[in-house]
Amino acid sequence: MALALVLRARKMARWLVLPAAGLATAVAAGCFTAGQGTQPPLDSFYFPTGLTVSPDGQYLYAINSDFDLQWNGGTLQSYDLAGIRQNATALVQANASHAQKAPSFGKYKVPFNPNCQMSAPQSLGNQLGVHVGANCAPPVDSTQYVRHRAIVGAFAEDLKIVELPSQDCPGCLRLFAPMAGNSTVTWADVGTIKNPDYKLSCGQGADNRCDGAHETGNDPNSPGNTRNLTMPGEPYGIGVSEDNTALAVTSETDTKASLLTTSSKLPCGSSSTCPTMQFVVENLPSGGIAMNAVPHDKNAVVRCQDVSDKEYCIRPAFLETFVGAAEVDLLRYYDDDNSGTFRPFLVRERAVSIPTNIGSDFRGFAIDPTPRYRCEASAGTNQDQLLQCGRLPARVFIASRTPPSVVYADLGVYTGPQYDPDALVFLGNIPLPAGPSKVYMAPVIIQDTAGSHYEPRIFVTLFDTGAIVIINPEIQPPAVENYVYVGQNPYSMTFDPFGDLPAAAKNQNAPSMTDIATHKAVPRLSSADANRYRFAYVGIFTQSYVQMIDLDDSAFTGTFEQVVFNLGQPTIPKGQANNNNGSFL
């Protein structure tokens, strides 16, 4: 564990200076042991590494990594997203109308600027210099929006929200976070799809710390762990199977990946539906970094999860990328449902070389299946047309560090006369500035001569550059649409709810995948509408706050694809040098 910490510190030393004495003390003291040291700040961001939202758009969930080990753990938090959105909308409208008085909510960390769009940027003080977006979006006290919080381990890497399988807990919602500090997936329950909850249920005691039962992967004798396995070191990327039954988790420092179930009928701690550690697949390239499920279209193939694994069907699969190999691996998931003893597993079925880039450092990726949805919407009930629509390629976008770029490919193509739903064909790359890291697909609202409508976009965090690049996948070849400059080291993103949410979510404001794919028209945004899809959320790692980006061009506020709200006070980490003019050493 000490070696892993030292490797992590060296890897990130280009941007964060850790005090040598503090590092040595942390290692010697067993820094990952719960309960030692000072509690982390429960109501503030501190190296936010994962963000996600409840399906109804009422809550923002954040996980903080305690990267510099100043505290005895990180934190898991829930925020009043409805209130944040309402206040952000009011601030955008006030700026657009040149209001002379600030909207009456909360505490601003710098004074409101009534003529922000026409005046020079203000300094934030605290040696941070001029901050991107602060002129029209002065930092707002984030603590007023905190609804609940819990202490977790160190080095959280991501955060996912999953609706659990109906056979275990119908409609239940669960948060999952890979934790590099103790090689687990930490989890917490947050209500149901019908009634999401801000309360984080992870077995907390009086000290607000999630209990050990809510950490899966470090106990070979845990419930359901029939192989008596533990998770490989430094879990990082986490993928969720199409049917939400399984998690596949990468290892950043090993040549392995883990398989867990999202739930079971087994009790542990305060829960009666615990996730279980199930399998470790070996002989992968080193540096597993990102994992996503392959979208198998139900009109294109017979999916095993739809026919109870009856032959012949296509089993679920995951794609994985690596920081140490120019390839994408396909991991096939066997749920083992029809066996006498439930023991699911993964098989490394193929490795596809990436020929478009000269290097081997690949990061996050996103899969865009909207071409299939667009075609299927026009096919109606014609089965032959639906079959052909379902077999259109999905679009894959992969971040590369060597050279800085995004590689794009088709997923699911004909190889000769046969359709292969898992075939990956690389097409080209898009050069980018330094530091491409994580990749997301989400909609924007475009305003043109025909009115306003949804369109899909690809978002890439540029960790080293301090920007979000937005790529338009609808044009051929795909190309950069815009750069949104944000705070130092953007790490994670999430968006207002969208996609094919269950009807029980009762979110009429969330565009479906068909809405996005077909460029469905939407009314022009009114100044009073704070509920519909509009914002992206960016976790700023080094300075520990969250920024909001406006994704609705129909508002005519001049803020499309710009930072419009800063949630929390940008803060210099302890032990990091600063040259007093806002740029970090």
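1. A quick definition before anything else: "buried" here means under 20% relative accessible area. Keep in mind that this is a predicted model.

2. Let's take strand β24 (residues 467-472), where six of six residues count as buried. In a regular strand the side chains alternate between the two faces of the sheet. Which residues of β24 are buried on each side? Ala467, Val469 and Ile471 are on one side, with Ile468, Ile470 and Asn472 on the other, so both faces of the strand are covered by the under 20% cut-off.

3. Now for the partners of β24. Strand β23 (residues 451-462) pairs with β24 in the antiparallel sense, over five bridges. One pairing to look up is Thr461, whose bridge partner in β24 is Ile468. Four residues sit between the two strands in this hairpin, and Gly466 has a positive phi near 80° there.

4. Strand β25 (residues 479-485) is also antiparallel to β24, this time over six bridges. Here Val469 stands opposite Tyr483 of β25. The hairpin that joins β24 to β25 runs through six residues.

5. On to helix α5 (residues 383-390), whose buried residues are Leu386, Cys389 and Gly390. Why do they lie on the same side of α5? Because they cover an arc of only 95° around the axis. Among the elements covering these buried residues are α4 (370-379) and β21 (418-431).

6. One last detail, at the start of α5: a side-chain oxygen of Asn382 comes to within 3.1 Å of the backbone nitrogen of Asp384.

Methods. Residues numbered from 1 in each chain as written. Predicted model: local features only at pLDDT ≥ 70, side-chain atom pairs only at ≥ 80, totals over all residues. Heavy atoms only, no water. Buried < 20%, exposed > 50% of the residue type's maximum accessible area, 1.4 Å probe, protein only. Arc of directions from axis to C-beta. Contact = heavy atoms within 4.5 Å. Polar contact = N/O pair within 3.5 Å; in protein donor to acceptor, adjacent residues only side chain to side chain. Pairing = 2+ DSSP bridges.
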